[in-house]
Amino acid sequence: MRPLEDYLIIDFSQFLSGPSASLRLADMGARVIKIERLGVGDICRTLYTSNLIMNGESSVFHAINRNKESFEVDLKSEEDCEMVRELLKKADVMIHNFRPGVMERLGFDYKSVTALNPSIIYGEISGYGTETEWKNKPGQDLLLQSVTGLTSLTGNADSGPVAMGLSIVDMLAGAHLAQGLLACLYRKAIKNEGGFVQVSMMESAYDFQFETITTFMNDGGALPERSKNNNANAYLGAPYGIYQTENGYLALAMGSIPQLGKLLACEKLEDYIELSEAFDKRDEIKAILAEHLLSSTTENWLSILEPADIWCADVLNWNALMAHDGFKVLNMIQEVEMVDGYKYETTRCPIRIDGELLTSSKGSPKLGQDNEKIIKEFITQNTIANA
């Protein structure tokens, strides 16, 4: 048995943040029923992050909603709302990520739901929290990266704000919600108490920067300064960064500059003997290093640096990564199948429990594919008749 088997999750969320939390719970054994809008479903079904259409829908929907069921309803219909209430009476967890006020209007806010089921664990993700003046702004990843300072940390000094190439704030908020829900499920198992877990994308983005914000707050409020060349962390000195080589790229983390000079046969670097120079003179050090590393291949530099225990790595694209034995041995890719027989490859849960991989062959649901089964299992005819 997986740890969360026999737990029922009712998930109103859409896009990425909320569904990423329910996906993690599903991988751990929970049964997740997506509540989807009549005729439309999760907006992520048609929100394309690339030009790839998989079985008529967005690739991102398939990636983040595998291993779930779909219950298609019209929340403007009292009959459908009553069916959802019946589900909530039997649920262990409910999740949503609508803007503040939406669930109140629909009648599925925390107060209303706990009146139906006092021991339910109610989880919500908002963009900016429920109290800030920004609470009604769209909680979209790029916008949150921008207003929380994240875009000031990536790229070189003269590149302006640079966004990360992933929906990182969505994923962080989903991970934080899953953590809070799991903590409350533990308490529920002991005390049979419900809980109210609230996460905002803004707070998740701040927490993501706990190291840099702590430095900023205790450094007289001095803003971080990215290096002009090969920046990778605004608070770390040379050699920290990614450098081009004769045939590719090489990542270098922290290390002694004079030692690097000797190992790489770069005499100019041997002159920087003071530890403080790694930061105070990082731009000129990085410029020297960048020019020197162009003179040979990544493989050659690695053959010199790795035996000397210098923190370094090849820089791989996905093709090179997936061809590497270090990736293959992890079995990170699984094949899943939808109800209509459509199969696709995606990643598995990264967690192992008792040495076992948490894999599942169940693909994402077609809109409303589980209505008949869910109604038969959870909804009485009296409920429908009295709605």
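Start with the whole protein chain: of its 387 residues, 45% count as buried. The model is a predicted one. Colour by secondary structure, and 17 helices and 15 strands appear. Along the principal axes, the C-alpha atoms fill a box of roughly 85 × 50 × 40 Å. Contacts between residues at least 6 apart in sequence join, in 69% of cases, residues at least 24 apart.

Next, show the surface. The accessible area of the protein chain is about 20100 Å², and carbon and sulfur atoms hold 53% of that. Then select the charged side chains: 35 are positive and 54 negative, with 6 Å between the centres of the two sets.

Now select helix α8, residues 201-208. Met201, Met202, Ser204 and Ala205 are buried there. These four lie on the same side of α8, because they cover an arc of only 160° around its axis. An α-helix has 3.6 residues a turn, so residues three or four places apart point the same way. To see what the buried residues of α8 pack against, add β7 (121-126), α6 (141-147), α7 (168-191) and β8 (195-200).

Finish at Asn230, in the loop between α9 (210-217) and β9 (241-244). Is Asn230 buried or exposed? Its relative accessible area is 17%, and buried means under 20%, so Asn230 counts as buried. Show its side chain together with the backbone of Ile242: a polar atom of the Asn230 side chain lies 2.6 Å from the backbone oxygen of Ile242. Beyond its neighbours within four places in sequence, Asn230 is in contact with Asn156, Tyr240, Gly241, Ile242, Tyr243, Lys286 and Ala290.

Definitions and conventions: Residues are numbered from 1 along each chain as its sequence is written. This is a predicted model: local features need pLDDT of at least 70, side-chain atom pairs count only at pLDDT 80 or more; totals for chains, interfaces and linings use all residues. Side-chain values use heavy atoms; hydrogens and water are left out. Helices (H or I, at least four residues) and strands (E, at least two) are DSSP runs, numbered from the N terminus. Buried means under 20% relative accessible area, exposed over 50%, partly exposed in between (1.4 Å probe, protein chains only). Contact means heavy atoms within 4.5 Å. Accessible areas come from the Shrake-Rupley method with a 1.4 Å probe; for residues, only the protein chains shown count as cover. Lys and Arg count as positive and Asp and Glu as negative; His and the chain ends are not counted. The place of a charge is taken as NZ of Lys, CZ of Arg, CG of Asp or CD of Glu. The arc is that of the directions from the helix axis to the C-beta atoms. A polar contact is a pair of N or O atoms within 3.5 Å; within protein, one must be able to donate a hydrogen and the other to accept it, and residues adjacent in sequence count only if both atoms are side-chain atoms.
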